[in-house]
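The following exercises practise the reading of a protein model at the level of individual side chains. Please inspect the sequence and the coordinates before turning to the solutions.

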Amino acid sequence: MPVMEGKCALFKAFADVDAFPLCVASKNVDEIVRTVQLISGSFGGINLEDIKAPECFIIEETLKKEMGIPVFHDDQHGTAIISGAALLNACELTGRRIEDVTVVVVGAGAAGMACARFYCALGVKRGNIRMFDSKGLIHNCLLYTSDAADE
């Protein structure tokens, strides 16, 4: 709870957005989706937190399709945005073009997958991403999205 309260303070400090944490005592995908759907009318956006892969992908994509408000998963998108900014800064400082860099992603969970997808959106070639999980290099990594066939 302290981490979530801290993130609410950040929303207020940096975006003047009022936020408060709600904890859902379930790990069941359908229960979480239904709970968020039922309370969504009271909110302008939903920030999911601390949900592991692959459940986080299913929950987020389902809610995005079915609700008319922004939904994001902090473990994925917050990490991707911060590390993407660091990648862009590193390219600028070293005089490299993002299309030419090779990026190593350690961890193939929610944050690692989101980072890899975001790096591709920034211009990193998909073939220049080396992703590792607990067993080593992943040779054929599908960067999970609803339109993964396009990648």
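Three exercises with worked solutions follow.

The model is predicted, so local features need pLDDT of at least 70 and side-chain atom pairs count only at pLDDT 80 or more, while totals for chains, interfaces and linings use all residues. Residues are numbered from 1 along each chain as its sequence is written, and side-chain values use heavy atoms, with hydrogens and water left out.

**Exercise 1. Strand 3 and its partner**

Determine which side chains of strand 3 are buried, and describe how the chain reaches strand 4.

Step 1. Helices (H or I, at least four residues) and strands (E, at least two) are DSSP runs, numbered from the N terminus. Strand 3 covers residues 103–106, and strand 4 covers residues 129–133.

Step 2. V103 and V105 point to one face and are buried (under 20% relative accessible area; exposed is over 50%, partly exposed in between, with a 1.4 Å probe and protein chains only). V104 and V106 point to the other face and are not buried.

Step 3. Strands pair if DSSP finds at least two bridges between them; strands 3 and 4 have four, in the parallel sense. I129 is the bridge partner of V103.

Step 4. Helix 5 (residues 110–122) connects the two strands in a right-handed β-α-β crossover: with the strands pointing away from the viewer, the path from the first strand over the helix to the second runs clockwise.

**Exercise 2. Cysteines**

Explain why C23 forms no disulfide.

Step 1. The criterion is a pair of cysteine sulfur atoms within 2.5 Å.

Step 2. The closest cysteine sulfur to that of C23 belongs to C8, and at 9.8 Å it is too far for a bond. C23 is exposed, at 60% relative accessible area.

Step 3. C91 is likewise in no disulfide, as the nearest cysteine sulfur, in C120, is 13 Å away. C91 is buried at 8%. The count of disulfides is zero.

**Exercise 3. Salt bridges**

Locate the residues joined by the K7–D74 salt bridge, and compare the burial of E60 and K64.

Step 1. A salt bridge requires a side-chain nitrogen of Lys or Arg within 4 Å of a carboxyl oxygen of Asp or Glu; the whole structure holds eight.

Step 2. K7 and D74 meet at 2.4 Å, N to O. K7 lies in helix 1 (residues 2–15) and D74 in helix 4 (residues 74–94), so the pair ties together parts 67 residues apart in sequence.

Step 3. E60 and K64 form a salt bridge at 2.8 Å, both within helix 3 (residues 55–66) and four residues apart. E60 is buried at 4%, whereas K64 is partly exposed at 42%.
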